Amino acid sequence: MTGGVKIPFPATAAAALMIAAAPHAAFPAQPLDSNKPAATIVDSDVRQEEALSKTQAGKVITAIDRTRENIGTVRKTTKLDTVDIVFLTDAARSEGGPPPAIENKVKQHQDDVAELRQEIEANALLFNAIDSRRVLAEDVLAVEFDNPGKIVIYAAAKPPK
């Protein structure tokens, strides 16, 4: 080695062991001692509501049409004030799936919807939000960014009991 300082391997190994053995600090993002850990995911308020797909069809179809542009926003999202999950209970698999108007729109944008679902799974904030409500990424139909700091996730699913 020319011009550099050579650190003996045992010193490097010792430093690595000290770091690995150090007690892990508790992160304030998801307090384990909280009474409502699922209500707050990385400082985001996770809320849910139940709706019928026929009353939300216009919003869902518009959101599906915007999936391509929303993929980039999902990819860049690291902080949200509010995550709203809208359970379209009559569109759940157990109920026969989404109505034809929504199902056809999903098929029309199937590649974009598949990519959106992958991005949600890759985004720790959004994945933990849907997981806290027992929503599978494959049940997500669309997302909508209402305003900065808020996302609405439309899911063809029933809420956990």
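## Where α5 meets α6

In this predicted model, let's start with two neighbours in sequence: helix α5, spanning residues 110-122, and helix α6, spanning residues 124-132. Their axes come within 5 Å and cross at roughly 95 degrees. That angle makes α5 roughly perpendicular to α6, because crossings of 65 to 115 degrees are counted that way.

Which residues make the contact? From α5 come I120, E121 and A122, while α6 supplies A124, L126, F127 and I130. Sorted by class, the contact of α5 with α6 has 6 nonpolar residues and 1 charged residue, with no polar ones.

## The two sides of α3

Helix α3 covers residues 67-76, and T67, N70, I71 and V74 are buried there. These residues span an arc of only 115 degrees around the axis, so they sit on the same side of α3. Turn to the other side of α3 and you will find E69 and K76 exposed.

What do the buried residues of α3 pack against? Their partners are α2 (53-65), α5, α6 and β4 (140-147). Helices α5 and α6, the crossing pair described above, are thus met again here.

## The whole chain

Stepping back, the protein has 6 helices and 5 strands. Read from the N terminus, the elements follow the order α-β-β-α-α-β-α-α-α-β-β.

Of its 161 residues, 39% count as buried. The accessible surface comes to about 9,900 Å², with 56% of that belonging to carbon and sulfur atoms. As for contacts with a separation of 6 or more, residues 24 or more positions apart account for 74% of them.

Methods. Residues numbered from 1 in each chain as written. Predicted model: local features only at pLDDT ≥ 70, side-chain atom pairs only at ≥ 80, totals over all residues. Heavy atoms only, no water. Axes fitted to C-alpha atoms, helices over the stretch in contact; angles between N-to-C directions. Helix = DSSP H or I, 4+ residues; strand = E, 2+ residues; numbered from the N terminus. Parallel < 35°, antiparallel > 145°, perpendicular 65-115°, else oblique. Contact = heavy atoms within 4.5 Å. Nonpolar A, V, L, I, M, F, W, Y, C, P; charged D, E, K, R; others polar. Buried < 20%, exposed > 50% of the residue type's maximum accessible area, 1.4 Å probe, protein only. Areas by Shrake-Rupley, 256 points an atom, 1.4 Å probe, with all protein chains shown as cover. Arc of directions from axis to C-beta.
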